[in-house]
Amino acid sequence: MVSVLWVVGFILVTFSIGYLTYGKYLAQFVELDEESDTPAHKYEDGQEYVPAKKPVLLGHHYSSIAGGAPIVGPITAAFVWGWVPSMLWVAIGNPLMGAVHDFTSLSSSVRHEGKSIGYIIGQYVGERGKDMLLWFAFLLIILVVAVFALVISLVFNAYPEAATAGIVYIGLAVLFGIWLYQFDLSFIGGTVIFVAGVFGSIWVGIEYPLAIFGEHPEGVIVLSETAPGFVPEILDSANIGAWLMVVLVYGGAASVLPVWMLLQPRDYLSSFLLYAGVGGSLVAIIVGSLITGMDVTAAQTPENVGAPSFEIAQDAWYGFFASGSPFASDLPLMPLFPLLFVTIACGTISGFHSLVSSGTTAKQLDKETDARMIGYGGMLGEGLLAAVAIAAVAVIAIPADTGGIGLALPNFALGGGAILTALGVPFAVGEVFMALVLSAFLLTSMDTACRLGRYMVEEVIGTPQTGIQGAGANRYVNTTVIVVAAFVLVGSGRWADLWTLFGGANQLLAAMALLTVTVWIANWDETKQLVSTGVPMLIMSAVTITALLWVSMYQVLGGRLLGITAEAETSALGIGSAIVQIVIALTMVFIAISLLRQGYSNMLEIGRLGDEPVAADGGEPGAGDD
């Protein structure tokens, strides 16, 4: 038997080496300058451009990028192909690809007045390229909102305690924002009070667990046993469908509020959950493996799970096509290449991070030199969350009779709670805490995605010239479009299709972001090497285009619509969801290929590295350029 300590130790070593060597090199490579004015200072407006202290911004950025995806992706991959391929892709791919992507996306945006990656590529390949990338990002936003809202609903259904705790946590974040920005009270004092309140919400959740509909164990507060007809049953549960609707409404509302009211304070508070969840679990794995062990009995776990220990109970390898997976009967044909890489997604590299980096973080960066810790270091921190996720499910090895791969995901809380018993945390408390960690970060990513989607549309439209454009630029209108489209997309609830589609689109956007920074660097200085961003861009382009075609053609078209490779959809919502998924996937592939051609053309025009650098300062294009 192999201890999870070896898994975590291997990842910690590769990440430490990456930050101390490659991360330092990249900071020098893009010439970070502590004395330069950042966009947050140049354009401070109290709404979007707001300079933030490094720990506050790190909390926002870390919470926004980490979310629940680096938990969900590695768990899914570990149950499909085994824990070894999942561990290797996280340990090696993160410092060489993901952290490079996040850091360079943030740095390029800071050098372009805090603008998005769409704006940046438009400076070098033209307005058409800008609009195409922004529409690509907008489609990904819809996928992010849909998938994350579904997982939040799954967690709230499985853990009613986390639903209550999550509601209390959101309320505390709003009060903390008022404390800081309206009453101008002590930052340190507020941190102590409200962080304590967030952890206290766990007790409130345990005492007053909440469900909306259905039958639940004794002690759960159920608003109504019967759901009205307009509430859809997602995965055969009206409670999941109801939470899905509530979460989507929350995401839309949160996205239009000023950043000081919810986004900044909520992400700062949630960072303490993340630090405690990740840091506590890592310490517990070390202490528990070497000294204390776990304090969980078989009676405390679901049937057929048994008493866990720090020895890995999950298989290391389930086969290239996942034929040995405990969920094999519920899955379509899942070849390791290319689907492993897009399934893990955010644990290793994520295009969504480029939207966060260039959408909100760059507008709040206090000093350029903060970018190394926040960009490169933040992504490594997300990789540690992925490591904890792999460890949590590896010690539990949830069987297939839990209800399928989608319903196994909330049980991250089960393994995480068991791990925390090594530090003396009661299993019941640790389980709810880890469920809150998962749901809290899914919430942060989901509503941040809604806000970023609004930015995308507003940037494409620019100054409205017609009534239709005016409506499209309206924050309430375009946010509603995002939320409604996400609801339709998630209508079927088929996890294998939804998650791999999201992962493929997400990492294809990462390839486009790497294309953007590669073009920027090439136009900036003809002496700059393009290997650090160019090689990951080419690798991820090949992997993700192949994956999106596989999912859309084999899994969705061949299965859900034609009934050849899987059971066909019969409901109108399910059929509509499948059609939308195919359209999104093929549109993304078309846009990506077009952008790659435009980037290649730009490289040819400037002689690859450029006979004359188009921009002399790493920022605005030089005179005479379009």
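Hi everyone, let's begin with a proline: Pro 338 sits in helix α12, which covers residues 336-344. Keep in mind throughout that this is a predicted model. What is the peptide bond from Phe 337 to Pro 338, cis or trans? In this model the bond is cis, and its omega is near 10°. That is worth a pause, because most peptide bonds are trans, and most residues other than glycine have a negative phi.

The second half of that sentence brings us to another residue. Ala 345 has a positive phi of about 45°, although it is not a glycine. You can find Ala 345 in the loop between α12 and α13, where α13 spans 352-359.

Now let's turn to how some of the helices pack. Two packed helices are described by the angle between their axes and the distance between the axes. I have three pairs for you.

The first pair is α10, residues 238-256, and α19, residues 475-489. Their axes come within 10 Å and cross at roughly 155°. The two helices are therefore roughly antiparallel to each other. The handedness of the α10 and α19 crossing is right-handed. If you want to look at the contact on screen, find Leu 244, Met 245, Leu 248, Gly 252, Ser 255 and Val 256 on the α10 side. Facing them from α19 are Arg 475, Tyr 476, Thr 479, Val 483, Ala 486 and Phe 487. Sorted by class, this contact has eight nonpolar residues, three polar and one charged.

The next pair is α11, residues 263-292, with α17, residues 427-461. Here too the axes come within 10 Å, and the crossing angle is roughly 145°. Is this crossing left-handed or right-handed? For α11 and α17 it is left-handed. The residues that α11 brings to the contact include Leu 263, Arg 266, Asp 267 and Ser 270, while those from α17 include Phe 433, Asp 447, Thr 448 and Arg 451. By class, the α11 and α17 contact has 11 nonpolar, six polar and four charged residues.

Our third pair uses α11 again, this time with α9, residues 187-207. The axes of α9 and α11 come within 10 Å and cross at roughly 60°. That angle makes α9 oblique to α11. The crossing of α9 and α11 is right-handed. From α9, the contact is made by Phe 187, Thr 191, Phe 194, Val 195, Val 198 and Phe 199. From α11, the partners are Tyr 268, Leu 269, Phe 272, Leu 273 and Ala 276. How many charged residues does this contact have? There are no charged residues in the contact of α9 with α11, which has 10 nonpolar and one polar.

So much for helix pairs; let's look at the empty spaces.

How many cavities of 30 Å³ or more does a search of the whole structure find? The search finds three. The largest cavity holds about 40 Å³ of space. Around it you will see Thr 76, Val 80, Leu 331, Met 334, Ile 405, Trp 495, Ala 496, Trp 499 and Thr 500. Two or more of these lining residues come from each of α4, at 69-81, and α20, at 495-524. Of the elements, α20 gives the most, with four residues. The lining of this largest cavity has seven nonpolar and two polar residues, and no charged ones.

Last stop, a pocket. The second largest pocket has a volume of about 340 Å³. Its lining is made of 14 residues, and the ones nearest the centre are Thr 518, Met 537, Leu 538, Tyr 600 and Met 603. Which helices supply at least two residues each to this lining? They are α20, α21 at 531-561, and α22 at 572-605. By class, the lining of the second largest pocket has 10 nonpolar residues, three polar and one charged.

Thanks for listening, everyone!

Note on methods:
Residues numbered from 1 in each chain as written. Predicted model: local features only at pLDDT ≥ 70, side-chain atom pairs only at ≥ 80, totals over all residues. Heavy atoms only, no water. 1 Å grid on protein atoms, 1.4 Å probe; cavity = no way out; pocket = protein on both sides within 12 Å on 5 of 7 lines; lining within 4 Å. Points joined across faces, edges and corners; volume = space filled by probe spheres on them. Nonpolar A, V, L, I, M, F, W, Y, C, P; charged D, E, K, R; others polar. Axes fitted to C-alpha atoms, helices over the stretch in contact; angles between N-to-C directions. Parallel < 35°, antiparallel > 145°, perpendicular 65-115°, else oblique. Left-handed = near helix turned anticlockwise from the far one by under 90°. Contact = heavy atoms within 4.5 Å.
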